[in-house]
Amino acid sequence: MLHIRVSTPAAAALVAVVLLLTTGGQVSEVAYGKPVAPVAQQQTATGSAYLATHLYFGTGRHNGQPPITDEQFMKFVADVITPRFPSGLTIQQGRGQWRDRSGSINREISYELTVLYPTREARAHNLDIEYIRALYCSMYGLESVGRADVNAQADF
């Protein structure tokens with residue numbers, strides 16, 4: 001076993017980084033004198049089985065119509081999404097791009113909405129999610145709202 005004596009926290013951190021980069025492994029035992037349990041013995045995540053649904057809302061519209069504004073989108077969230085997911089949601093604004101049916105690449109401001117719900121509620125929430133997607137498309141004349149579902153372990 002390698003023993004290294006360090007005199008300051010900054011030196012210990014530097015040793016840890018160097019060892020991590022050179023060995024590719026856990027370094028807390030070497031750098032800080034603290035044992036690390038093997039991966040098989042480490043505690044697993046706590047919480048319950050959830051689904052994380054991510055919806056991707058574009059704001060660009062066709063036929064020369066102006067983009068959907070932040071105010072319009074947030075009103076849609078308040079009027080349509082929040083009543084269906086009153087326990088909470090997360091919205092992130094970003095820049096997206098996608099290829100439409102005509103083959104054109106569209107770049108636009110977009111929103112990613114994330115909702116978490118217990119997997120036992122997936123069937124009921126699927127109806128809500130598909131309603132939200134269809135209504136947004138019909139309200140603003142869009143081709144689609146992207147959807148990704150991911151299994152998650154969550155605790156609140």
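**Salt bridges, a four-stranded sheet and a buried glutamate**

E130 and R133 meet in a salt bridge whose closest N and O atoms are 2.9 Å apart, where a salt bridge is a side-chain nitrogen of Lys or Arg within 4 Å of a carboxyl oxygen of Asp or Glu. The model is predicted, and local features therefore need pLDDT of at least 70, side-chain atom pairs count only at pLDDT 80 or more, and totals for chains, interfaces and linings use all residues. Residues are numbered from 1 along each chain as its sequence is written, and side-chain values use heavy atoms, with hydrogens and water left out.

E130 and R133 both belong to helix α4, where they are 3 residues apart, about one turn of the helix; helices (H or I, at least four residues) and strands (E, at least two) are DSSP runs numbered from the N terminus. E130 counts as partly exposed because its relative accessibility is 32%, the classes being buried under 20% relative accessible area, exposed over 50% and partly exposed in between (1.4 Å probe, protein chains only). A further salt bridge joins D149 to R147, with the closest N and O atoms 3.0 Å apart. D149, at 40% relative accessibility, counts as partly exposed, and R147, at 25%, counts as partly exposed too. E130, R133, R147 and D149 are linked in a network of salt bridges.

The structure holds 5 salt bridges, and one of them brings together the side chains of K75 and D79 at 2.4 Å, N to O. These two residues lie 4 residues apart in helix α3 (residues 70-81), about one turn of the helix. K75 counts as exposed because its relative accessibility is 51%, whereas D79, at 43%, counts as partly exposed.

The next element to follow is the sheet. It is an open sheet of 4 strands in the order β2-β3-β1-β4, with antiparallel pairing, and two strands pair if DSSP finds at least two bridges between them. Its edge strands are β2 (90-99) and β4 (146-154), each of which pairs on one side only. Neighbouring strands of this sheet are turned by 30° against each other on average, direction ignored; such angles run from 0 to 180 degrees between N-to-C directions, and the axes are lines fitted to C-alpha atoms, for helices over the stretch in contact.

Strand β1 (residues 48-58) is joined to β4 by 9 bridges, and T53 stands opposite D149 in β4. Strand β1 also pairs with β3 over 9 bridges in the antiparallel sense, with E112 in β3 as the bridge partner of Y56. Between β2 and β3 there are 10 bridges, and R99 stands opposite I105 in β3. β2 and β3 form a hairpin with 5 residues between them, and G103 in the turn has a positive phi of about 95°. Helix α4 (residues 122-140) lies across β1, β3 and β4, running at about 5° to β1.

Within strand β3 (residues 105-118) lies E108. What is the nearest side chain of opposite charge to this buried residue? That side chain is R61, 9.3 Å away, and E108 has no salt bridge; for charge, Lys and Arg count as positive and Asp and Glu as negative, while His and the chain ends are not counted. The side chain of E108 does, however, make a polar contact of 3.0 Å with the side chain of W98. A polar contact is a pair of N or O atoms within 3.5 Å; within protein, one must be able to donate a hydrogen and the other to accept it, and residues adjacent in sequence count only if both atoms are side-chain atoms. Leaving aside neighbours within four places in sequence, E108 is in contact (heavy atoms within 4.5 Å) with G58, T59, G60, G94, R95, G96 and W98.

Among these partners, R95 is found in strand β2 and is exposed, with a relative accessible area of 75%. R61, by comparison, lies in the loop between β1 and α3 and, at 22% relative accessibility, counts as partly exposed. Its side chain is joined to that of Q65 by a polar contact of 3.5 Å, while the backbone oxygen of P66 lies 2.9 Å from a polar atom of the R61 side chain. R61 and Y140 are 79 residues apart in sequence, and their C-alpha atoms are 7.3 Å apart in space.
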